[in-house]
2 protein chains.
Amino acid sequence: MSDHQHLMADMGQRARAAFAALSSVTSQQKAAALTAAASALRENETEILAANTKDMEKGRTEGLSDAMLDRLMIDKERLDAIASAVEQVASLPDPVGAIIDRNERPNGLIMERVRVPLGVIGIIYESRPNVTADAAALGLRSGNAVILRGGSEAIKSNRAIHKAMVEGVASAGLPEDAIQLVQTTDRAAVGAMLKASGLIDIIIPRGGKSLVARVQEEARVPVLAHLDGICHTYIGRAADPDKAIAIAVNAKMRRTGVCGAMETLLIDQDYPAPGPLLRALLDEGCEVRGDDAIMELDPRTVSAETEDWDTEYLAPIVSARMVGGIDEALTHIATHGSHHTDVVVTEDESVANQFIQRADSAIVMWNASSQFADGGEFGLGAEIGISTGRLHARGPVALEGLTTYKWVVRGTGQVRP
Amino acid sequence: MSDHQHLMADMGQRARAAFAALSSVTSQQKAAALTAAASALRENETEILAANTKDMEKGRTEGLSDAMLDRLMIDKERLDAIASAVEQVASLPDPVGAIIDRNERPNGLIMERVRVPLGVIGIIYESRPNVTADAAALGLRSGNAVILRGGSEAIKSNRAIHKAMVEGVASAGLPEDAIQLVQTTDRAAVGAMLKASGLIDIIIPRGGKSLVARVQEEARVPVLAHLDGICHTYIGRAADPDKAIAIAVNAKMRRTGVCGAMETLLIDQDYPAPGPLLRALLDEGCEVRGDDAIMELDPRTVSAETEDWDTEYLAPIVSARMVGGIDEALTHIATHGSHHTDVVVTEDESVANQFIQRADSAIVMWNASSQFADGGEFGLGAEIGISTGRLHARGPVALEGLTTYKWVVRGTGQVRP
C-alpha cells in the first residue's frame with residue numbers, strides 16, 4: 001500500500017467506527033451537534049478569516065482568476081451565512097428511522113423497511129470552502145460519517161472550518177471522526193479515496209466538469225453526480241406564446257452558468273410564433289445557433305455546427321432546432337441530452353403527459369423553467385448535488401438521498417417450514 | 001474495440017432502444033406479453049426438452065457433478081414450473097407509475113417523484129436455465145430491457161427458453177430486444193458486459209461465490225449482489241430457551257446451503273440454558289466449532305480456529321462463541337459479518353430494539369429464523385437476488401428494486417425569480 005492508501009485506510013476505518021457510534025445517537029443529539037458546530041464557526045471567526053486571508057494571498061500570488069478568488073473568499077458576512085446554513089440543516093427533519101413500508105405476513109412476521117444512514121460519504125470538491133461546512137452538516141444530519149477532500153487552494157480555510165465544526169460536534173458528545181478532512185493536498189490522496197471501496201460507501205464530487213469526469217472515470221466506489229446539464233426546452237405546437245417566451249428566456253438567461261440552464265431549444269414546426277420567441281432570446285443578448293429552419297426566421301441567428309447539439313455552453317448561447325413533432329423532439333433529447341432536466345411547453349395535456357412519460361430525464365417539467373432544478377426549489381431544504389445516474393437517488397439529492405434502509409423483521413419465535 | 005466489445009455495444013444499443021420503446025407500454029401490455037411468453041414456453045416443450053437433453057449429455061461427457069447436472073436438468077414438470085413462475089410474475093403489481101411523494105410549492109409548482117424502470121439490466125448466471133425465464137420476466141414486468149448471460153453448460157437450454165420467451169413477447173407487440181441472450185459462450189463476453197457502462201445500468205450476478213467475486217471485482221457497472229451470507233444468531237440473556245432452540249436449529253439445519261443459513265451462534269454468557277441449545281444442534285447432526293467456553297459445555301464440540309468466524313460453511317457446521325453481552329455480540333457481527341441477515345433472540349424488547357438499531361445488516365430479525373431471508377417470505381412475490389450493498393436496494397430485491405424514479409414538475413408557466 002502507498003502512503004496515501006494507508007492514510008485513506010486509516011481515515012476510512014475511523015469513519016466506519018464513527019458511523020457505528022452514530023447509530024445509537026438520537027436525532028436531537030445530531031441537531032444539537034450541528035447547532036454547536038455553527039456556534040463554533042462563529043466563535044472561531046478570527047481564526048477562520050485569518051486562514052482564508054492566507055489562502056487568498058497565495059491564490060493571488062499563484063494567479064488564480066478573479067472568479068476563483070471570489071469563490072475562495074470568506075468575509076464576516078459569508079462566514080455568518082455558512083454558520084446559518086449549518087443551523088438550517090440542523091432544523092431539517094431527520095430522515096433516519098422513518099418507516100418506508102410495513103407488511104404483516106400470514107405467519108405473523110412483521111416486515112418493515114426502516115431508513116438508516118448510508119454509511120461513510122466521501123466529498124471531493126473545489127475552491128468554495130463553504131462546502132466543508134455544508135457537506136459535513138448534511139452528512140451528519142442524516143447520521144453519516146463524512147470524509148472531506150477540498151481543493152489545495154482552500155486548504156487553510158478548510159482546515160479552520162473543519163476544526164471549528166469538529167469542536168462543536170465533540171462538545172455535543174458526538175465522535176470527532178464523524179467529520180474528517182483529508183489534510184494533505186497531494187492529488188494522489190484523491191486517487192486513494194476513489195478506490196477505498198469497502199470503506200467509503202459513496203463519493204460525491206462537487207465542482208467543475210473535469211473534476212467530475214476524473215471522479216467518474218477513476219472511482220471504484222459508487223459516485224453520485226452529474227457530468228453535464230444539457231437541458232432542453234421543447235416548445236410544442238400548442239404552447240402558449242407568452243409562457244414559451246417567459247420560460248425560454250428564464251431557462252437560458254436567468255443564470256447561464258448553472259446546470260439547470262437551457263442549452264437547446266426545440267421548436268415544433270407547427271408552433272405558430274417561433275419568430276417572437278427567437279427575437280426575445282436575441283434581444284436579451286443570447287446568441288442563437290440554429291439549424292436552417294431557425295436561421296430563416298431571424299438574420300441575427302448563426303448556424304449551428306454538429307457539436308453544438310452536444311454542448312453545455314454555460315454561457316448566453318443556445319442551440320435551436322425546428323422539430324417535426326414530439327417524437328422528433330424526444331429522439332433529439334435521447335440522442336443529445338444528459339438525463340438532467342428537460343422541459344415541455346404546451347397547453348395540450350396529452351402531449352405533456354407523453355413527454356413526461358417518455359423523456360428519460362432525472363427531472364421532466366411541464367410549463368416551467370428548467371432553472372428550478374435545485375433541491376431548495378424542490379422543497380428539500382438543501383441539496384448535496386444533482387444526480388443524473390439512474391441508481392439510488394436521482395435529480396436533486398438532499399438528506400433522504402444520503403440514507404438507505406434496512407429490513408426489520410419482528411417475530412415471536414417463527415421458524416421456516 | 002474487441003469483437004466482444006462490439007457485440008456488447010450492439011446488444012446494449014438495441015437494449016436501450018427497446019427500453020425506450022417500453023416507456024410507452026402499459027402495465028396490461030407487459031403482463032399480456034409475459035402471459036404469452038409463458039404459453040410459448042409450454043408450446044415449445046418438445047424443443048426445450050430436446051435442447052436440455054443435449055446440454056445434459058454434454059455435461060455428463062464433461063463430468064459435471066450430480067449436483068450440477070440436477071441444477072441443469074429440465075423435465076416436463078420443471079418446465080411447467082418455469083412457465084407458471086412467469087405467469088406469477090405477470091400477475092404481480094407493476095411498480096412503474098406509482099407516485100412516491102408529492103409536494104406542492106408556494107409558487108404553485110407540483111413536484112412528484114414517479115417510479116420508472118431502471119433501464120437495461122444485465123444478468124450473469126450459472127447452470128440453472130430457469131433463471132433465463134425468471135430474470136427476463138422480472139425485468140420486463142418492471143419495464144426494463146434485459147441482457148442475459150447464462151453458463152456455457154446450459155447454452156442450448158437457455159437458447160431454447162429465450163427463443164420461446166421472445167416469441168411470446170413479440171406476439172404481444174413488445175420489442176424483441178427487450179429480452180436478449182448473449183449467444184456466445186466465450187468468457188470474454190462477460191468481461192465486455194461488466195464494462196458496458198452507459199449501456200447497461202446494473203449487473204445482477206446469480207450463482208456461486210466465485211462468479212459473484214469476479215463480477216464485483218471487474219465490473220465498471222453497478223452490481224447488485226451479495227458475496228457472503230455469514231449470518232449470526234445472538235441468543236440474549238433473556239432469550240426464551242424453547243424459541244432459542246427452535247430458531248437456532250431451523251436457522252442452521254433447515255437448508256444448510258442457502259445464504260440465509262446461520263453460520264455463527266453467539267450465546268450471551270448470562271443465558272441460562274446454553275447446554276441444551278448446543279445439544280439440540282449436535283443431536284441434529286450439526287458440527288459445532290466453539291471457543292473455550294462453548295467447548296466446556298459439551299464434549300462433542302470441537303475447537304474453532306480463527307478463520308471459522310469468517311467462514312460461510314453452507315454445510316451442517318456452525319461456529320459458536322460465548323459473548324459478554326450485546327455490545328460484544330454487535331462488535332463480533334461488525335467484525336466478521338457480511339451485512340446480510342443477523343438475528344437476536346430475546347424476550348427483552350429493549351435489547352431487541354438496540355440490536356435492531358445497531359446491527360448494520362440488510363436484514364435484522366428479532367425472534368425469527370434467518371432462513372426467512374427470501375423475497376417470497378418477505379411478501380415481495382418474487383426475488384431477483386439479495387443485496388448486501390448499501391445503495392439503491394438492500395436485502396431481498398424484487399420488482400421495486402428494478403425501478404428508479406423521475407421527478408415530474410408540473411407548472412403553469414412559472415419562471416425562477
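This passage describes how chains A and B meet in a predicted model, and then turns to the sheet and the salt bridges.

Local features are reported at pLDDT of at least 70 and side-chain atom pairs only at pLDDT 80 or more, while totals for chains, interfaces and linings use all residues; side-chain values use heavy atoms, without hydrogens and water. Residues are numbered from 1 along each chain as its sequence is written, with chains lettered from A and ligands numbered from 1 in the order of writing.

A good place to begin is the interface. Here 73 residues of chain B are in contact with 72 residues of chain A, contact being heavy atoms within 4.5 Å. The size of an interface is often given as the accessible area lost when the parts come together. For chain B and chain A this buried area is about 5,900 Å², with 49% of it on carbon and sulfur atoms; the value is the accessible area (1.4 Å probe) that two parts lose on being put together, summed over both. On the side of chain B, the residues that lose the most area to chain A are Arg390(B), Trp407(B) and Arg416(B), which together make up 15% of what that side buries.

Polar and charged groups also take part. Between chain B and chain A there are 56 residue pairs in polar contact, both residues being at pLDDT 80 or more. Such a contact is a pair of N or O atoms within 3.5 Å; within protein, one must be able to donate a hydrogen and the other to accept it, and residues adjacent in sequence count only if both atoms are side-chain atoms. Strand 16 (residues 403–414) of chain B supplies the largest share of the side that touches chain A, 11 residues. Helices (H or I, at least four residues) and strands (E, at least two) are DSSP runs, numbered from the N terminus.

The two chains also share a sheet. This open sheet of 10 strands has mixed pairing and the order 1(A)-2(A)-16(A)-13(B)-12(B)-7(B)-8(B)-11(B)-9(B)-10(B), where two strands pair if DSSP finds at least two bridges between them. Its edge strands, each pairing on one side only, are strand 1 (99–104) of chain A and strand 10 (302–303) of chain B. The chains are joined where strand 16 (residues 403–414) of chain A runs parallel to strand 13 (residues 363–368) of chain B, with 5 bridges; there, Arg410(A) has Trp366(B) as its bridge partner. Towards the chain A edge, strand 1 and strand 2 (residues 110–117) of chain A are antiparallel, with 5 bridges, and Arg102(A) is partnered by Glu112(A). These two strands form a hairpin with 5 residues between them, and Gly108(A) in the turn has a positive phi of about 90°.

Over all chains the count is 64 salt bridges, each a side-chain nitrogen of Lys or Arg within 4 Å of a carboxyl oxygen of Asp or Glu. Between chain B and chain A there are 6. Glu377(B) forms a salt bridge with Arg416(A), with the closest N and O atoms 3.5 Å apart. Within chain A, Arg16(A) forms a salt bridge with Asp201(A) at 3.0 Å between the closest N and O atoms. Arg16(A) lies in helix 1 (residues 3–22) and Asp201(A) in the loop between helix 8 (188–194) and strand 6 (202–206), so this pair ties together parts that are 185 residues apart in sequence.
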